[in-house]
Amino acid sequence: MNPAEKRKASTIVTAKNVDLSNCDRELVQFPGAVQPHGVMMIVDEPAYVIRQVSENCVKFLGRPAEQLLGKSIEEVFDRSAPQMLNRLRRVSLENGPVHVVRESFAGSTRGVNIFAHRCDGALILEIEAAGTRADAPNAHLYSDVREAVTALENTHGLQKFLDLAVDRIRNFTGYDRVMAYKFAEDGSGHVVSEAKRQDLEPYLGLHYPASDIPAPARRLFGLSWLRHLPDVDYVPVRLYPEFHPASHKPVDMSFSILRSVSVMYTGYLKNMGVRSTMVMPLMKEGQLWGLISAMHHSGPRQVAYEARMATEFLSHMVSLLLGAKEDADGYSERLRMAAVTDQLVEKLSRNSDFHDALGQAERSPNLLTLIPATGAAIVSRGNISQIGSTPSKQELEALATWLTAQPETVFATNRLPEIYPPALTYKSLASGVLAVQVAPETQEFLMWFRPEHIEIVNWAGDPKKPVKVSQTDGELRLQPRSSFALWKESVEGRSEPWRNDEKEVAANLRQAINEVVLTRARQIERINRELADANVELDSFAYVASHDLKEPLRGVHLLASFLQRGLEGKIDEQGREQLDNILKLTRRMDDLIESLLQYSRTGRLELNLTTANMDEIVDEAISDCRHSAGQQNVDIRRPKAIGFVTCDRVRVREIWANLITNAKKYNDKINRWIEIGSEDSSPPRYYVRDNGIGIPEDARERVFEIFRRMHGKNEYGGGVGAGLTIARRAVERHGGKIWVESKVGEGSTFYFTLAPEGLS
Ligand code: ADP
């Protein structure tokens, strides 16, 4: 601001000239006037010559302004001048008013306290009437302060701490009401703690709009540790002359004790029935966190300098301890969340499916026990887990799609409907959302929801009408509100905001999931590799062993046949039977070895994939089974053509042949039929259905195990129990699945696919 502007701004702010254009400027620090309970002097250094003085000097110093201007301090304060000058030269005057001396003039019973400080290069003396003996603080002030500080130090939790602070400050000041306010980011504030005279209406919990304490006033509150307004109904006293005669500057009263306050402020206080106030800033890390505000309703109240100092000291201590108390509150919550994160990660390491590990409502801990919210969800493609109150699955999917386009890895808002209009329909459940995308390339989200918080804002008046058009001149005027009736405003589509530590916890969990999932994926990859190696080894072993076994077996079989022929007619019945048995056993052993070879072949050999006509393959398989065991008169039904498919036709022919053979074998009905076909699904399902004996439920998995037969060796045409195992291996080599559905006594359907799920 240049001097001309400053001069303009320094005009006393009165109810007449306050308007929107000047209220939010810096003028509150240049009021050009003081409160009447003291005198202000602007003194030139180094000679300490008085250049400006407030017009009420007669009352305090017994001389009018004209007689003081141009005089030195020594001439005016003759008795205490040496002490005063000594103090002025020795103490630092740059950090706000310091007490210089107490002076009692001859004939006056009360005396004055003199304070001094420097601001914008000017030395400002403030002379304030000292308290009478009755308001003098008691002798226990120091021990009372010490006790209060110790008690404050020992409290746990921010709320208890503030409650104690306002209570002790009320004791020191004797005010009717002492409150602690906390400012929100937008400059509005609310009363977080209150100590008051019993009969007064409580203000605890009331919210105040930012315009109640405009930015310049907030800045000033942050500059001095205590602002005292003994009488709200005061008449401001001008400085004389208005500007410094040499610099022509208005006096910057940012730090002064007597600064006259804005009429907006006094008007506002009067509306609240307040007669006197004392305001102390609550600072945290150099920022204005809130205020302690003392209000007296019963009448004007001037607090003696000593009690004020004690109060100021106490509020200073409150500020110093405030950060630690608030952080301790946050710290214990952070500890809790960290412990829950650990438990969740531990669960995840046992079960890497995070729907199971984190999204089970009935199992604690889960997502919802981690971060305070009313609902949580895990949204993956085709799989959604919901805990608590959340939007519907469809709405969650749409939200996830929208979130994918958001750049943040941790997305948090407490006004979702404002930025994502579809949320309007479910704002009562989810006006606030905190979401993390599990991994960049996935569409998987962890989400937390908070409901619309129809905030009953108890504004101390109507925040939408801080301005009124004046009746008299039609100008826009800032009008202190005329009523203090509770005024409620619903703030729609907003939830409680998400705290930074909550966002951090969500981000940590995301990282942990990624780490666990990655570790898991690596483990699975390794196990698969080992398994594949082991399978290859096993197959080669089976191949070599069966191959090598075949030769001696052929020898045994040959020798037994020779014996049978050579001994024809020479041995008895029993001997012949035994030889027969040897031959049967060698044949069976040969079958077993042959199946083992086929099994290992199916595992070892590369698939020879071609596009083949499946109906032709089925024809060939049926012909393979023509002479197989079982009844021949079976009705084979083929409802529709299957068509072409990419596969290894030799392996697939084996699959069909095994299934068709079984369907023919395991059937004891008079009219037997088999149905062969496919169902249109993705991938297509091929099937062989029969009206045979069926398979009991507990055997439906076991039938696929090698050499597992459910029947006696020779029942149902015999067999070694390897057909289904070989079929399963061939199916799995194609990436497909094989399974059976069956009803005992009615029949079975064997299904198989030749491609992984989702592929055709
Ligand atoms: P095998 O037919 O040589 O015994 P498989 O592996 O082909 O060996 O079949 C294993 C077992 O599964 C059979 O012993 C039989 O008990 C049962 N099974 C297979 N197919 C059918 C079917 N279509 N109906 C009833 N049971 C069957």
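**Close-up 1. The ligand and the residues around it.** In this predicted model, the ligand has 21 residues surrounding it. If you want to find your way in, start with the closest ones, which are N662, Y666, D690, R709 and L724. D690 also turns up among the polar pairs: an N or O atom in the side chain of D690 is 2.9 Å from a nitrogen atom of the ligand.

**Close-up 2. Oxygen atoms of the ligand and their partners.** Here we look at K665 and G721. K665 takes part through its side chain, where a polar atom lies 3.0 Å from an oxygen atom of the ligand. With G721 it's the backbone that counts: one of its N or O atoms sits 2.9 Å from an oxygen atom of the ligand. How much of the ligand does the protein bury? On its own the ligand would expose 530 Å², and the protein buries 97% of that.

**Close-up 3. Helices α16 and α17 side by side.** Helix α16 covers residues 500–566 and helix α17 covers residues 573–604. Their axes come within 9 Å of each other and cross at roughly 160 degrees. Angles over 145 degrees count as roughly antiparallel, so that's the label for α16 and α17. As for handedness, this crossing is left-handed. The residues of the contact are a mixed bunch, with 14 nonpolar, nine polar and seven charged.

**Close-up 4. Helices α18 and α19 where they cross.** Next up are helix α18, made of residues 614–624, and helix α19, made of residues 649–665. The two axes come within 8 Å and cross at roughly 50 degrees. That angle is why α18 is described as oblique to α19. Left-handed or right-handed? The crossing of α18 and α19 is right-handed. K665, which you met beside the ligand, is the residue where α19 ends.

**Close-up 5. Two cis peptide bonds, each leading into a proline.** One runs from S364 to P365, with omega near 0 degrees. To spot P365, look in the loop between α12 (354–358) and α13 (367–370). The other cis bond joins S682 and P683, and its omega is about -5 degrees. P683 has its place in a loop too, between the strands β26 (672–679) and β27 (685–690). D690, met earlier as one of the residues closest to the ligand, is the last residue of β27.

**Close-up 6. Y48 and its positive phi.** What is the phi of Y48? It's about 55 degrees, a positive value, although Y48 is not a glycine. You'll find Y48 in the loop that links β2 (38–44) to β3 (49–54).

Key
Residues are numbered from 1 along each chain as its sequence is written. This is a predicted model: local features need pLDDT of at least 70, side-chain atom pairs count only at pLDDT 80 or more; totals for chains, interfaces and linings use all residues. Side-chain values use heavy atoms; hydrogens and water are left out. Axes are lines fitted to C-alpha atoms, for helices over the stretch in contact, and angles run from 0 to 180 degrees between N-to-C directions. Helices (H or I, at least four residues) and strands (E, at least two) are DSSP runs, numbered from the N terminus. Angles under 35 degrees count as roughly parallel, over 145 as roughly antiparallel, 65 to 115 as roughly perpendicular and the rest as oblique. A crossing is left-handed if the near helix is turned anticlockwise from the far one by less than a right angle, and right-handed if clockwise. Ala, Val, Leu, Ile, Met, Phe, Trp, Tyr, Cys and Pro count as nonpolar, Asp, Glu, Lys and Arg as charged, and the others, Gly among them, as polar. A residue is near a molecule or strand if one of its heavy atoms lies within 4 Å of it. A polar contact is a pair of N or O atoms within 3.5 Å; within protein, one must be able to donate a hydrogen and the other to accept it, and residues adjacent in sequence count only if both atoms are side-chain atoms. Accessible areas come from the Shrake-Rupley method with a 1.4 Å probe; for residues, only the protein chains shown count as cover.
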